[in-house]
Amino acid sequence: MYLRSLAITFASLFFLLLQPVNSPAAAKLSAAERRVVAAAQAENARTFELLEKLVNINSGTLNAPGVRKVGEVVRAELEEIGFQVRWVPMDQVGRAGHLVAEHAGKGRGQRMLLIGHLDTVFEPDSPFQRYERRGDVIEGPGVNDMKGGLAIMVSALRAMKQAGTLAPARINIVLTGDEEDPGEPYSVARADLRAAADRSDVALEFESLAREDGKDMGSIARRSAYSWMVTASGKSGHSSGIFSADAGYGAAYELSRILDTFRRELGEPNATFNVGLILGGATVQTNETRTAGSATGKTNIIPPVASAQGDLRTLSNEQTERMQHKMRQIVAQSLPGTQAEVVFYEGYPAMAPTEGSRALLGKLNEVNRDLGLEPMGELHPLKRGAGDIAFVADKIDGLIGFGAAGDGSHAPGETADATAFDRQIKRAALMMTRLAK
């Protein structure tokens, strides 16, 4: 420990020597903040060691032992710098559980909630399993989404500890074990996250850093993600009777009417509604997870059943309610001889943009200015998917994107940009240092 502390001290002095006394960055950073930045820079090598360790542990959402093992690695890191850490099992929703940590600083600054997840989309049967670095490109399952974010979070907190700015910070951390495939009911699966929000003033999510035209972007909004299923039914009979008063229009035409009316009448700014699976015929069967099915039928039989499944994404919870109401109205206007119903399943709520979150982005841009980095523009919410921070957006303002930058999330060949880690660790450490004041 003595040698490591000595190395940090030398790194700090080296950083200070590099800063001209009259430089804009030097003028804006306090002595404590300079120590934070120097300590953050010194964390780089260790960050990649931790990232490699995390990536080489398979933590597909349904691999409960793997998710818990990643949680144990992060737990050890957090306990070393003074966090009280506990594991919350989620057996009741069929998932591994969540890591919940707290740093009870004595300061009077804003109470922070740091959000992330331990799981990835890559289960043990995926051929994509190992960490590999080629120059500035790091490849591996979860390097971007979001084990890179876990490594950055730990390194930023370690830098604060080394610089002495962690002591006053009041920080809650919730790392879910099922962000990629949440357990149900969500009221149970996200209860600990919402409870932590009640003890916090702002939320910082360590999901991937968004980039646009080569520039880092700030995110203050995430759209919702809900799935739905429309089931249409009608009379079966010989095809020669289709459209007659006795036979009616059949389930296939009723379902077609509904989907086309969705297309023509549902459109709103910032909302999308996709159809992902359609089945229809004499018989229809769908599997338990609603991801596959089968149908039988003949060209001369009026189909008595048809179904379609899709998703709905909106920018606010009010928009979700409004569009679901419209969908129910459209479904209710059945063709003769048919009927239909629509079911909405549990999903991720929306995180609408707020002035409070926009003010947080302003604070982050002050950090960027003082670090000599370009200001971050506001990312359009259509370019960001759903995420856990939305579960607390009705309680506190927040910022998204303190994690790694990269490409190909959720697919073999996922990568992270090694050059982005240094600035992301510095951004996070300095942002949290200032919020803690």
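Which residues lie nearest the centre of the second largest pocket? They are Asn144, Ser208, Lys383, Arg384 and Ser409, which belong to a lining of 22 residues. The structure is a predicted model, and its chain holds twelve helices and 21 strands. The C-alpha atoms fill a box of roughly 90 × 40 × 40 Å along the principal axes.

**The chain as a whole**

- Of the 437 residues in the chain, 53% are buried.
- Among the contacts in the chain with a separation of 6 or more, 78% are between residues that stand 24 or more positions apart.

**The largest pocket**

- The largest pocket encloses about 870 Å³ of space, and its lining is made up of 28 residues, of which Asp181, Tyr186, Ser227, Arg290 and Glu346 lie nearest the centre.
- Three elements give two or more residues to this lining, namely β10 (226-234), β12 (272-281) and β16 (305-313), and the largest share, four residues, comes from β16.
- Sorted by class, the lining of the largest pocket consists of ten charged, ten polar and eight nonpolar residues.

**The second largest pocket**

- The space in the second largest pocket, the one with which this briefing opened, comes to about 460 Å³.
- Strands β8 (210-212) and β20 (406-407) each contribute at least two residues to the lining of the second largest pocket.
- The lining of the second largest pocket is divided by class into ten charged, seven polar and five nonpolar residues.

**The cavity**

- A search of the whole structure for cavities of 30 Å³ or more finds one, and the space in the largest cavity is about 50 Å³.
- The largest cavity has a lining of 13 residues, with Leu364, Met376, Ile400, Gly401 and Phe402 lying nearest its centre.
- At least two lining residues of the largest cavity come from each of β9 (215-218), α11 (355-371), β19 (397-400) and α12 (420-435).
- By class, the lining of the largest cavity includes eight nonpolar residues, together with four polar residues and one charged residue.

**Helix α5**

- Helix α5 covers residues 64-80, and these 17 residues reach 24 Å from the first C-alpha to the last, which is close to the 24 Å expected at 1.5 Å a residue.
- The buried residues of α5 are Gly66, Val67, Val70, Gly71, Val73, Val74, Glu77 and Leu78. They lie on the same side of α5 because they cover an arc of only 155° around the axis.
- As background to this pattern, an α-helix has 3.6 residues a turn, so residues three or four places apart point the same way.
- Pro65 and Glu72 are exposed on the other side of α5, whereas the buried residues of the helix pack against α4 (44-55), β1 (84-90), β2 (95-104), α6 (147-163) and β6 (170-176).
- Just after α5 comes Gly82, which takes a positive phi of about 105°.

**Helix α8**

- In helix α8, which runs over residues 191-198, the buried residues include Asp192, Leu193, Ala196 and Ala197. These four residues share the same side of α8 because they cover an arc of only 145° around the axis.
- The buried residues of α8 are covered by elements that include β1, β2, β3 (112-117) and β6. Among these, β1, β2 and β6 are also elements against which the buried residues of α5 pack.

Definitions and conventions
Residues numbered from 1 in each chain as written. Predicted model: local features only at pLDDT ≥ 70, side-chain atom pairs only at ≥ 80, totals over all residues. Heavy atoms only, no water. 1 Å grid on protein atoms, 1.4 Å probe; cavity = no way out; pocket = protein on both sides within 12 Å on 5 of 7 lines; lining within 4 Å. Points joined across faces, edges and corners; volume = space filled by probe spheres on them. Nonpolar A, V, L, I, M, F, W, Y, C, P; charged D, E, K, R; others polar. Expected span 1.5 Å × (residues − 1). Buried < 20%, exposed > 50% of the residue type's maximum accessible area, 1.4 Å probe, protein only. Arc of directions from axis to C-beta. Contact = heavy atoms within 4.5 Å.
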